[in-house]
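User: I am new to this structure. Please take me through how its labels are justified.

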Amino acid sequence: MCGIIGYVGEKKSRSYILEGLKKLEYRGYDSAGIVCIDEKHKQFSFQKEAGGVSLLKKLSEKVTFDGSVGMGHTRWATHGVVDKKNAHPQFNSDKSIAIVHNGIVEGYEDLREELIKAKHAFESSTDTEVIAHLFDELVQEQPTLKLAIMSLVKKLEGAFALVVMMEQYPDQLIVIRRRSPLVVGIGENEHFVASDFIAFSDKTKDVVFLPDTSFAIVTKNNIDLFDFDGKPLEVISQKVKEEYTQTDKQGFEHYMLKEIYEQKRAITRSISFCKVIGNSSSSCQSDETSEPFSRYKEEYNDCIWRQLGITPKQVKNLKSVNLIAAGTSWHAARVAQFFFESFCKIPARVYLASEFLYMPFFNQEDSVYILISQSGETADTLQALRLINAQDVPTIALTNVASSTIVREAGGFLPMQAGPEISVASTKAFSTQLSILYWLANRIALEKGLISALDMHDSEEDLFIAAEILETVIESYKLKITHELAEQYSKYSRFIFLGRNISYPFALEAALKLKEISYIFSQCYPAGELKHGPIALIDEYTPVVLFSTLDKIVYQKIVSNAQEVKARKGHLLVFAFEGQKELINIADTAFIIPKVKPLLGPLAMTGLMQFFVYHITCKLGRPIDKPRNLAKSVTVE
Ligand code: G6P
């Protein structure tokens, strides 16, 4: 996993590489490196550091090297600890070949052993260094560079995006990809290379998305593209319309806080967009033979079903929905399961992308797969998508990044309009996912004739109301949290989170939020399972955070669970809804949320939950926007 970037052209590359790396830090930020080729001596100059790109930038102020061919890397450690040696670029023995890499080479240990036997000396513990040494051997063995690359890719198992520089060929970059994305930007007498278009979005909008299992030799004026068998491929360029706006914190102490406060707007914008495409279904009526959704759309479709790459008939016949995601997006999917089952009256199954890949695939008729990913680049989710695509089943991506890989590979996609989410801990993406999935479940129900147009309209209004409450409830508790509760709860070293029915997956998300940014151990259970074991953990040193629901029957069960906690002298904090007196009275601390439509309870609680966790973490002085060991986008399986 990692961000990679390269440049070949007439200008100097260093500042572009350092700026671009900063934009790619969402893919990893534990170490960074840069290499340029000195035009005069045709030799590499490089620098790498453990620490983020800012540190590399700062330390590189003292260094003068630059060059019109160069590349850089920001790392999320997979093989080997976080240190200078394991940072990229990695080199062959005489440092005449430099490689930056995103992905994981499977079975690299065997290759490494063979190379050690052949007297290759390794400096790092990375799989990437193995590629550099192996390539060195192959370049010497094979009559041409192209044959050496073809031989290299045959020997490498796993996923990789590579950029290779060679002192022997100082005017070119070699780019190679299998599964991990790579994109080439076309400028005037220059080419940019990166894992993600945003790295050079301010330089050019003309891009070539490298096809899977392909490689290219890129010079300032030329791209020679081949498949892994060496067959030349047509270079297809396209224009990306997406703008990348690097937002600042706008006065907030952290991006996370800013993004918590952006949720109402993100939801309103997303649902307003859905309303526009969702209302013009008339033009969809006769589209059973319509072209599938184009792979990289410049404009959004005017019709919801064309946008999603399915026909109205397929929607009417839907017998099940499958939701696949990772991390916070998986929690959104688990909450959304209740939306689809409740409005569409069909089973919704939810899969963790990383697990789905290794389960038997049962091809269900009249089904659709919705893949949810804020970044659109999560390797597990992309792999799941590829597996489903091979079965020829409709796939829909729900993502926040319209230029992402998932959009290019899914049958259709529904864009989230959350705006860039910078903080690693997902906040506004989660609430926007919940909102769009609620809307989509209603829209499918409308198409199936299960709800009326008026119900649809009411659901949209309910979403706007929930978004409003999400924000106002933060304001109601702002002082209490910042002056009192954050301090009080930051003193605990472990928490138990409980939820029931729709509030259980929400409790999972709350527990994840707390552990990922504060590093406080937090465990989550369905409240009904407390009695089957976890109740042994209840004591006065382990607060129990319990999330209520608006379902009357489930609520009564939640009250019983709260009593079980209090009967054992547990400390109880509840997120309850107005009027839920039994729960509020029994709790040591109660957050009271105004009532919304029952299935929108989690959405209404989202902002306050995040705000509370954020302030606990502030008290602990953690690096909130970039927690240790994490990355915003996890591009390895
Ligand atoms: C990483 C991030 C999480 C995110 C997960 C899935 O683990 O740190 O915040 O939920 O990836 O990401 P996606 O972009 O697919 O939603």
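Analyst: This is a predicted model. Start with Ser-180. Beyond its close sequence neighbours, within four places, Ser-180 is in contact with Asn-102, Gly-103, Ala-159, Phe-160, Ala-161 and Thr-635.

User: Why is Ser-180 called buried?

Analyst: Its relative accessible area is 4%. Buried means under 20%, so Ser-180 is buried.

User: Where does Ser-180 lie?

Analyst: Ser-180 sits in the loop between strand E8 (169-178) and strand E9 (183-187). Its C-alpha atom is separated by 5.9 Å from that of Ala-159, 21 residues apart along the chain.

User: Which residues of helix H2 are buried?

Analyst: In H2 (residues 53-60) they are Val-53, Leu-56 and Ser-60.

User: How do you know that the buried residues lie on the same side of H2?

Analyst: Their arc around the axis is only 60°, which puts them on the same side of H2. An α-helix has 3.6 residues a turn, so residues three or four places apart point the same way. The buried residues of H2 pack against helix H1 (14-23) and strands E2 (31-38), E3 (43-50) and E4 (69-75).

User: What makes up the largest nonpolar core?

Analyst: That core has 100 residues. Phe-339, Phe-340, Phe-497, Phe-547 and Phe-575 have the most contacts inside it. Helix H15 (residues 453-489) gives the largest share, 13 residues. A second, separate core of 31 residues includes Ile-99, Leu-115, Phe-135 and Phe-160.

User: How do you know that Phe-575 touches Phe-547?

Analyst: Contact means heavy atoms within 4.5 Å. By that cut-off, Phe-575 touches Phe-547. Phe-575 also touches other residues, including Val-545, Phe-591 and Met-609.

How values were computed
Residues are numbered from 1 along each chain as its sequence is written. This is a predicted model: local features need pLDDT of at least 70, side-chain atom pairs count only at pLDDT 80 or more; totals for chains, interfaces and linings use all residues. Side-chain values use heavy atoms; hydrogens and water are left out. Buried means under 20% relative accessible area, exposed over 50%, partly exposed in between (1.4 Å probe, protein chains only). Helices (H or I, at least four residues) and strands (E, at least two) are DSSP runs, numbered from the N terminus. The arc is that of the directions from the helix axis to the C-beta atoms. A nonpolar core is a set of buried Ala, Val, Leu, Ile, Met, Phe, Trp, Tyr and Cys residues joined through side-chain atoms within 4.5 Å.
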